[in-house]
Amino acid sequence: STFADDDYDYMYKVVLIGDSGVGKSNLLSRFSKNEFSLESKSTIGVEFATRSINVDDMIIKGQMWDTNGQERYRAIPSSYYRGAVGAIIVYDITRNVTYENVERWLKEFRAYTDPGIVVMLVGNKADLGYLRAITTNDAKAFAERENILFMEASAQDALNVTHAFTELLTQIHIKAQ
Ligand code: GDP
Ligand code: MG
């Protein structure tokens, strides 16, 4: 459920990273507004979007930061990562290069943040199963090796989107206690 904007017990900053075009902005708009767009909205930069969830009778507000298309030039400023306690690294299950770049995103992210941060790998566009290039098992094994969470999702079909953000925020909250 959602709550009034200023009514929360804890707020956690989460950053979305991953290659351009993988669906970061749409995952966020699906989670925060239940909206999806066929167009890439990288030029309409929102700094962040919020949504609150309920965890153990506490209202947990996620402040989720989206890039403004800077990832296209690998020019994400360090301020983007500052204060983040969670990250969602997104790849596109139909585009191998976006999966190969996950390791680079993980490395960059870890260089800017504390080791205790909760990370989730999200394989987006699961609705395009017939174009799949990355198997679920490969991604799952990679996530286990890196000790990060993993889920496949579809911003278009609203598959696992709320689940992914909720699971990440819940794990962040558990870790913070
Ligand atoms: P970003 O650059 O990572 O923020 O990606 P966008 O959210 O702008 O999405 C890039 C393109 O992928 C847009 O055309 C979206 O409509 C499309 N897209 C995003 N999520 C999905 C999805 O789950 N399934 C499909 N089929 N297309 C998606
Ligand atoms: Mg975007």
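Which residue stands opposite M64 in β3? That residue is A49, and the pairing around it is a good place to enter this predicted model, in which local features need pLDDT of at least 70 and side-chain atom pairs count only at pLDDT 80 or more, while totals for chains, interfaces and linings use all residues. Residues are numbered from 1 along each chain as its sequence is written, and chains are lettered from A and ligands numbered from 1 in the order in which they are written.

Strand β2 (residues 48-55) pairs with β3 in the antiparallel sense over 8 bridges, where strands (E, at least two residues) and helices (H or I, at least four) are DSSP runs numbered from the N terminus, and two strands pair if DSSP finds at least two bridges between them. In the hairpin of β2 and β3, 2 residues lie between the strands, and D56 takes a positive phi near 50°. Strand β3 (residues 58-65) also pairs with β1 (residues 10-17), in the parallel sense over 6 bridges, and here Y12 stands opposite G62.

The largest nonpolar core, a set of buried Ala, Val, Leu, Ile, Met, Phe, Trp, Tyr and Cys residues joined through C-beta atoms within 7 Å, has 43 residues; buried means that 20 or more other C-beta atoms, placed from the backbone, lie within 10 Å of a residue's own. Those with the most contacts inside this core include V14, I88 and V122, and its largest share, 6 residues, comes from α6.

Ligand 1 has 20 residues around it, of which G23, K24, S25, N26 and Q156 come nearest, a residue being near if its C-beta atom, placed from the backbone, lies within 6 Å. Helix α1 (residues 24-33) gives the most to this shell, with 3 residues.

Technical notes
A residue is buried if 20 or more other C-beta atoms lie within 10 Å of its own, exposed if 12 or fewer, and partly exposed in between; C-beta atoms are placed from the backbone.
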